[in-house]
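Please open the model in a viewer and keep the sequence panel visible. The tour below proceeds by selection, with a description of what each selection contains.

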Amino acid sequence: MDVDELIRLQALASRAGTRFGRHPGQLAWSARWLDAAGSGATRFWTEHGVDAGWAWAEESGRLELCVDVEDLHAVDVAREAVAWFLDRAPDDEATRTAVRADEHLLLDVLGEAGFLPEGGPFFTHHHLDLTRLPALRPVDGYRLKAVAEGEAAPRAACHRAAWGTPDQPSRVTTASYDALMATPPYRPDLDWVVVAGDGTWVASCLVWLDPATGVALVEPVGCAPDHRRRGLAAAVSLAALHAARDAGATKALVCPRGDRAYPAPMALYRGLGFEPGERTITLVREPD
């Protein structure tokens, strides 16, 4: 996906979608990793020269959808967007999308098209007023720092150490992280890491600031297995959020799993003062 197209996606997400949890940073993160795997097509719907909605065939059988619900033709835009996606989707595979539980217009339109709620993991949007941000939490034996330009290699290695497993190695490379660092609204001063005594980067938190709304998205946070349970994820998250507040952010958003099968991230963020809001609903449409 080229930058101009991504910026259009982000602009509508910022203007119309952030109240439902979509954020320009989440789109940047998804776009860059899907670029590495071959990203899907996008389509925009415009009213009087202003984007009123978009659909992104994010992966085969996966829809990302954003519609300005205040647009007079929002229902028609949503219906056309879903129809466009289904025309492109494989005929023999289930298709999926996820929306927030309070996105009633999209839930209705997707229901009309045959999408039904699917059980399993879900995410819960958590919010934090940054005027109530806790103090920094240094950890003995480690130091905190912001990433600098030209440090894509150690930053990518830090991410892989936290998120990769022998069975499922992370696909984040130096080249892909370098591309991410060139993608708006990435800022190195909001990308923080924890450095161990031997100089190894062992934990990280990336925050994305939407200057139009003042909302800072935490996406993602990780810690290498050998350094977990020492408060490093909390410490690096607070450092990145303090930097975001200094850069003009007023609120923070994070979207951890909300189901009981994966409770640790939600406990981490609630421990930092984040308060839970609406959950997501995954919808599936089985092939005819």
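Begin by selecting R187, which is partly exposed at a relative accessible area of 30%; here buried means under 20% relative accessible area, exposed over 50%, and partly exposed in between (1.4 Å probe, protein chains only). Add D189, likewise partly exposed at 32% relative accessibility. The side chains of these two residues, R187 and D189, meet in a salt bridge at 2.8 Å, N to O. The term salt bridge denotes a side-chain nitrogen of Lys or Arg within 4 Å of a carboxyl oxygen of Asp or Glu.

Two remarks on conventions apply throughout. The model is predicted, so local features need pLDDT of at least 70 and side-chain atom pairs count only at pLDDT 80 or more, while totals for chains, interfaces and linings use all residues. Residues are numbered from 1 along each chain as its sequence is written, and side-chain values use heavy atoms, with hydrogens and water left out.

Next, select D191 and R155, whose side chains form a salt bridge of 2.8 Å, N to O. D191 belongs to strand β8 (residues 191–195) and R155 to helix α5 (residues 152–163), so that the pair links distant parts of the chain, 36 residues apart. Helices (H or I, at least four residues) and strands (E, at least two) are DSSP runs, numbered from the N terminus. D191 counts as buried at 0% relative accessibility, and R155 is buried with a relative accessible area of 1%.

Proceed to R22 and E103, a salt bridge with its closest N and O atoms 2.7 Å apart. R22 lies in the loop between α1 (3–17) and α2 (24–37) and E103 in the loop between β4 and α4, so the pair ties together parts that are 81 residues apart in sequence. Both R22 and E103 are buried.

From E103, move on to helix α4 (residues 104–112), where L106, V109 and L110 are buried. These residues lie on the same side of α4 because they cover an arc of only 95 degrees around the axis, the arc being that of the directions from the helix axis to the C-beta atoms. Show β3 (62–67), α3 (74–88), β4 (95–100) and β12 (275–285) as well: the buried residues of α4 pack against them, contact meaning heavy atoms within 4.5 Å. On the face turned away from the buried side, select the exposed residues H104, D108 and E112. Just after α4, G114 takes a positive phi of about 100 degrees.

Finally, select D129, R132 and E275, which are linked in a network of salt bridges. The structure holds 12 salt bridges.
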